[in-house]
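User: Hi! I'd like to go through this model and ask what stands behind the labels people put on it.

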Amino acid sequence: MGSENRTVGDGTRAVRAGLPEPVAYEPTLPGPVFAAHYHLPGEPTGPYTYGRDENPTWTHLERAIGELEAPGDDGVETVVFASGMAAVSAVLLSQTRAGDTVVLPDDGYQALALVREQLAAYDVQVRTAPTGGDAQLGQLDGARLLWIETPSNPGLDVCDIRRLADAAHAAGALVAVDNTLATPLGQRPLELGADFSVASGTKGLTGHGDVLLGYVACRDARLAARVRRWRKVVGAIPGPMEAWLAHRSLATLQLRADKQGANALALAEALRGHPAVSGLRHPGLPQDPSHTVASRQMRRFGCVVSFTLPDRAYAERFLEGLRLADDATSFGGVRSTAERRGRWGGDAVPEGFVRFSVGAEDPEDLVADVLRALDEAKPPA
């Protein structure tokens, strides 16, 4: 869509992002290209040579995501991966080497702990600090890369991307932002100063719980080339069907983000003051500790609500009693899901902590179901 992206709305952009120029009697979004190799007469000068390197279906999707992450910026490059963790690993491991220092959040996605172990094995020093209060500012001296996750998962703390990016660049560090929970319609890290916007497309970007996907968006061609080379070396490529499904799903991103965000706020408001609920978090709540910062940099506040119930048993009874939310991990889908996050053992949360991913159900039905399940989960007097 090019530079005219600056003048269109999110819905228009999401519906048309990455579509090729119209060809008579051809589909508007070409189907997935299943190819391990291509015809290569003479010197291989064309864009597609081997299936591990490039695929036309990836190309359409990468252009689409780039248009969402950085509207109007034709210089942004996007690289898609087989999963969110493949994308995360590609940035952290392609941009660092032995002796470097990386700053991570200590309250981010639990699989970051696995990456931290791998970085340490490669003699990369890791420092950590909480997301809230921009605490990572105190760890930047001598760092090669700052990794930001905002809102954090599952605690939903928010940090000031612009402030951290400016400080990191002044210290000589690159900046990567995990944009999974917000999606490009919620915030645009590249416009806030980040060098990389990284996300799991498995979650809100595709939104149906049926695709594993990740991506890295970057404005610097040299940095992007390192990420792309890492993908080639490790072979962490998405299948063409997954890439096509992801592109297809982008057309409803704005509809889903708006509906699910409104539902999440309605649920959060309904939970305020409930006697069984403590530690309620959602960045869209005016009373939330992160709301002021979130309001400055987020255009939508996401679909996740977190809260704590009195204990593990109470939380498990609540989850079992839900009829409109599945007890499942992940988030961002059109069907509500919820889980007792402590069951995985990787997050520093209370035993009764619940991460609730709000779907696209009618809000009245969803709120009623949640309140009923909370009441039925009360222990007998």
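Analyst: Happy to help. This is a predicted model, and a good place to begin is tyrosine 25, which sits in the loop between helix H1 (10-16) and helix H2 (56-69).

User: What makes tyrosine 25 stand out in its backbone?

Analyst: Its phi is positive, about 70°, although tyrosine 25 is not a glycine.

User: Why is tyrosine 25 called exposed?

Analyst: The label needs a relative accessible area over 50%. Tyrosine 25 has 87%, so it counts as exposed.

User: And how do you know that aspartate 123 is exposed?

Analyst: By the same test: its relative accessibility is 53%, and the cut-off is over 50%, so aspartate 123 counts as exposed. Aspartate 123 has a positive phi too, near 65°, and is a residue other than glycine. Its place is the loop between helix H4 (112-121) and E3.

User: What makes the peptide bonds before proline 151 and proline 154 worth a look?

Analyst: Both are cis. Threonine 150 and proline 151 are joined with omega at about -10°, while asparagine 153 and proline 154 are joined with omega at about 15°. Proline 151 lies in the loop between strand E4 (145-149) and helix H5 (161-170), and proline 154 is found in the loop between E4 and H5 as well.

User: Now the sheet. Why are E1 and E3 called edge strands?

Analyst: The open sheet has 7 strands in the order E1-E7-E6-E5-E4-E2-E3, with mixed pairing. Strand E1 (77-81) and strand E3 (125-129) each have a single partner strand, so one side of each lacks a neighbour in the sheet. From one strand to the next, the twist averages 20°.

User: How do you know that E5 and E6 are paired?

Analyst: Pairing asks for at least two bridges. Strand E5 (residues 174-178) and strand E6 (residues 196-200) are joined by 3 bridges, so they pair, and they run parallel. Aspartate 178, for example, has valine 198 in E6 as its bridge partner.

User: Which strands does helix H6 lie across?

Analyst: Helix H6 (residues 221-234) lies across E1, E5, E6 and strand E7 (214-218), and runs at about 15° to E1.

User: What makes a group of residues here a nonpolar core, and which members of the largest one have the most contacts inside it?

Analyst: Members must be buried, from the nonpolar set, and joined through side-chain atoms within 4.5 Å. The largest core has 28 residues, and Phe81, Val91, Trp147, Phe196 and Val198 have the most contacts inside it. Helix H3 (residues 84-94) gives the largest share, 7 residues. A second, separate core has 27 residues, including Leu309, Tyr314, Leu322 and Leu374.

User: What does tryptophan 147 touch?

Analyst: Leaving out residues up to four places away in sequence, its contacts include Val88, Val91, Leu92, Pro105, Ala176, Asp178 and Val198.

User: Finally, why is the whole chain called as compact as a globular protein of its length?

Analyst: The protein chain has 11 helices and 12 strands. Its radius of gyration is 21 Å, close to the 21 Å that the globule rule gives for 381 residues, so the chain is as compact as a globular protein of that length. Of the 381 residues, 55% count as buried. Among contacts with a separation of 6 or more, 69% are between residues 24 or more positions apart.

Terms used: Residues are numbered from 1 along each chain as its sequence is written. This is a predicted model: local features need pLDDT of at least 70, side-chain atom pairs count only at pLDDT 80 or more; totals for chains, interfaces and linings use all residues. Side-chain values use heavy atoms; hydrogens and water are left out. Helices (H or I, at least four residues) and strands (E, at least two) are DSSP runs, numbered from the N terminus. Axes are lines fitted to C-alpha atoms, for helices over the stretch in contact, and angles run from 0 to 180 degrees between N-to-C directions. Contact means heavy atoms within 4.5 Å. Buried means under 20% relative accessible area, exposed over 50%, partly exposed in between (1.4 Å probe, protein chains only). The radius of gyration is taken over C-alpha atoms; the globule rule is 2.2 Å times the number of residues to the power 0.38.
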